[in-house]
Amino acid sequence: MLSVAPNSPTSVECLIIDSCGFDTSGVVKHLQQHQCSTQQCSFDLATDRLEHTDFKLIFLHTCFTDTNALSELHYLRQQHPHIPVILFDENLDYERIDESMLWRANDFICPSKVTDETVERVLRYNLKIHQYHTEIERLNQLDPLTGMINRQQFHKELSEQLKQLRKNESASHFALISIDLDGFRRFNNINGYSAGDMVVREMSKRLAELAPGLICRQGNDEFIMLLEVTASANLLQHVTLICNQILHSLTEPYNHHELEVILPCSIGVALAPEHSCETDNLINQATQARIKAKENSSCSYIVFDQKYHLSNEPHVAIEPELISAIRRNEFELFYQPRVDILSGKIIGAEGLIRWRHPQKGLIYPDVFIPTAERTGLIVPIGYWVIQQAGEDIQRLLASNLEIKRLSINLSFRQFQDSYLCRTIQRLIEKYSIDTSILEFELTESALFNNELHVREGIEELHKLGINFSLDDFGTGYSSFSLLQKLPISSLKIDRSFVSGVNNSPDDREIVKALIRLAHSLNKEVIAEGVETLQQLNFLASYGCHQAQGYLYSKPVPYEEFKHLLENGYEITGVSAANL
Ligand code: C2E
Ligand code: CA
Ligand code: CA
């Protein structure tokens with residue numbers, strides 16, 4: 001006799017359901033002879049049995065005199081679609097068979113007529129069906145592109161975990177982490193969808209390596225991850241660690257044919273039970289935090305805060321006003337002196353935009369630049385800045401005031417404007433701007449947002465004689481090979497490190513390393529946010545070239561800056577002789 005499950009060490013579990021006292025001993029005997037193990041119960045108890053045992057087949061006695069038979073069949077097929085149901089009855093005529101087929105019965109046997117051969121065929125055939133259905137069910141739970149569980153399955157499992165949390169059955173905390181790349185749509189548009197698919201697959205691999213827990217792709221390049229942290233551990237410490245690991249891993253280059261692409265990413269985190277124990281809420285909160293992180297700066301993460309619920313309101317209020325601010329000429333360009341550390345002399349300035357609002361007064365860029373970037377209004381605002389800087393350079397030169405550098409900030413969104421280079425060229429010609437004075441400050445995220453595209457833009461602008469500096473140096477993920485390739489003449493050490501040099505040994509080490517790095521890359525190095533003489537002395541002793549910060553001056557309007565230049569402003573107490 002053939003075994004129906006030749007490769008299986010265990011027997012095939014079969015459930016026999018009979019609610020009307022039919023003699024099933026013949027069926028049971030046949031099944032046992034084919035290495036099946038059987039359990040038997042009435043229909044009322046079947047649900048419970050099915051919950052506790054992994055049955056491969058169900059044998060349902062139809063009791064066709066009983067009108068419930070078809071509804072029982074219907075129920076079983078609905079609740080356990082991957083388990084084949086084989087009807088057995090002495091009175092199965094073709095009319096009943098046709099009818100029960102409509103209700104999706106898989107097979108039929110008549111116990112008194114059954115032979116070994118029939119049983120073997122029925123078992124083989126239906127076990128194959130079970131195998132296919134199980135496989136289909138498994139595939140239905142997967143995302144075809146990444147092979148990870150799909151969104152529906154993730155939501156189901158997340159809901160289950162949160163349910164336990166609500167019932168106080170779990171002492172754990174959970175962090176739901178929402179992740180996506182910045183500039184992915186653009187990457188897709190430029191490089192095609194198969195390149196986009198490659199990036200998504202690579203992302204999923206990197207994320208799975210970092211956290212083997214529950215991860216799924218929400219859509220496009222957006223992933224969500226559930227991190228479980230035991231109650232005794234420090235939740236935020238875990239979150240910080242994993243977010244930094246994700247940032248680090250996802251900003252490694254993606255290789256596409258000859259191209260090495262670096263795509264920054266943004267991360268948002270929501271905590272359960274701290275923020276919510278409801279699936280949709282928690283996902284929504286993590287998404288909001290991610291959007292906030294992207295607005296602030298790419299390559300960053302943010303943990304949800306209730307105040308983001310209101311975060312859409314200021315955007316709505318600001319957006320139309322920003323449009324009229326351009327028309328009504330409400331922007332002003334302030335200048336913060338850039339000082340040569342050794343001589344203490346002003347060598348130039350950084351132009352920083354301000355919005356002189358007719359009712360609200362002076363508004364700082366942190367309030368409106370994120371909205372301007374999100375809406376694309378940064379493009380016309382950016383042109384206004386270049387034009388204003390051009391005019392001011394002309395005015396300074398006309399007053400016989402010499403400056404070596406005047407820098408302005410360029411947002412990564414401005415590179416998405418295909419007219420950027422042409423428009424800048426026109427402005428340069430219109431204001432006869434000496435391009436060797438002009439410098440554009442770019443952040444690391446701007447540089448690596450879409451390497452090829454930005455790189456082309458930078459090279460084209462460099463041909464016009466414009467200099468570039470890397471802003472907020474140390475906060476992002478620099479590719480050193482790229483830094484060497486690009487025409488970047490100076491690196492600006494981020495204020496957050498400079499402010500820490502007095503009391504944080506870590507920051508001191510970072511600043512030293514950044515200065516050394518700038519020296520070895522042969523770039524000028526500028527420290528931002530210098531507020532104290534102590535900081536200045538430290539920077540000077542490690543060979544930092546220039547400094548900018550409140551120690552010298554806050555950003556001031558053009559006339560005041562001009563006044564500082566005219567008076568040959570020099571900071572006392574720190575000079576080459578004193579250091
Ligand atoms: P940023 O480019 O990093 O500019 C430096 C910021 O640090 C400025 O803030 C400046 O006022 C502030 N700062 C300078 N020295 C000190 C100091 O010693 N201590 C402290 N606490 N702060 C100091 P601001 O002017 O509010 O600008 C904020 C950000 O807005 C800038 O950061 C820049 O990213 C952006 N931004 C400003 N103007 C423009 C612009 O014209 N275009 C674009 N795209 N972004 C701009
Ligand atoms: Ca800057
Ligand atoms: Ca900066």
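## Two sheets, a calcium site and a ligand pocket

Five strands build an open sheet of mixed pairing, ordered β7-β8-β6-β11-β12. β7 (214-219) and β12 (300-303) occupy the edges with a single partner strand each, so one side of each has no neighbour in the sheet. From one strand to the next, the twist averages 20 degrees. The model is predicted: local features need pLDDT of at least 70 and side-chain atom pairs count only at pLDDT 80 or more, while totals for chains, interfaces and linings use all residues. Residues are numbered from 1 along each chain as its sequence is written, chains are lettered from A and ligands numbered from 1 in the order in which they are written, and side-chain values use heavy atoms, with hydrogens and water left out.

Helices and strands are DSSP runs numbered from the N terminus (H or I, at least four residues; E, at least two), and two strands pair if DSSP finds at least two bridges between them. Within the mixed sheet, β6 (residues 173-181) and β11 (residues 265-272) are antiparallel partners over eight bridges, and Ile-177 stands opposite Val-269 in β11. Two helices lie across this sheet. Helix α8 (residues 193-210) covers β6, β7 and β8 (222-229) and runs at about 5 degrees to β8. Helix α10 (residues 279-296) lies across β6, β7, β8, β11 and β12, at about 145 degrees to β11. Axes are lines fitted to C-alpha atoms, for helices over the stretch in contact (heavy atoms within 4.5 Å), and angles run from 0 to 180 degrees between N-to-C directions.

Another open sheet of five strands has parallel pairing and the order β2-β1-β3-β4-β5. Its edge strands, β2 (36-41) and β5 (107-109), each pair on one side only. Neighbouring strands are turned by 25 degrees against each other on average, direction ignored. Helix α5 (residues 116-140) packs on this sheet, touching β1, β2, β3, β4 (85-88) and β5, and its direction makes about 160 degrees with that of β5.

The calcium ion (ligand 3) has as protein donors Asp-471 (OD), Asp-472 (OD), Glu-528 (OE) and Glu-528 (OE), at 2.0 to 2.8 Å. Donors are N, O and S atoms within 2.8 Å of the metal (3.2 Å for Na, K and Ca); water is not among the atoms, so sites may look incomplete. Asp-471 also coordinates the calcium ion (ligand 2), which is 3.9 Å from the calcium ion (ligand 3). Asp-471 lies in strand β18 (residues 467-473) and Glu-528 in the loop between β20 (524-527) and α20 (533-541), so the pair ties together parts that are 57 residues apart in sequence. Asp-471 is buried at 7% relative accessible area, and Glu-528 is buried at 10%. Buried means under 20% relative accessible area, exposed over 50% and partly exposed in between (1.4 Å probe, protein chains only).

Ligand 1 is surrounded by 22 residues, with Gln-336, Arg-354, Asp-471, Glu-531 and Tyr-550 the closest; a residue counts as near if one of its heavy atoms lies within 4 Å. The table gives polar side-chain distances to ligand 1.

| Residue | Atom of ligand 1 | Distance |
|---|---|---|
| Glu-350 | oxygen | 3.2 Å |
| Arg-354 | oxygen | 2.8 Å |
| Glu-531 | nitrogen | 2.5 Å |

Asp-392 lies in helix α13 (residues 378-398) and is buried at 2% relative accessibility. Its side chain makes a polar contact of 2.6 Å with that of Tyr-335. Such a contact is a pair of N or O atoms within 3.5 Å; within protein, one must be able to donate a hydrogen and the other to accept it, and residues adjacent in sequence count only if both atoms are side-chain atoms.
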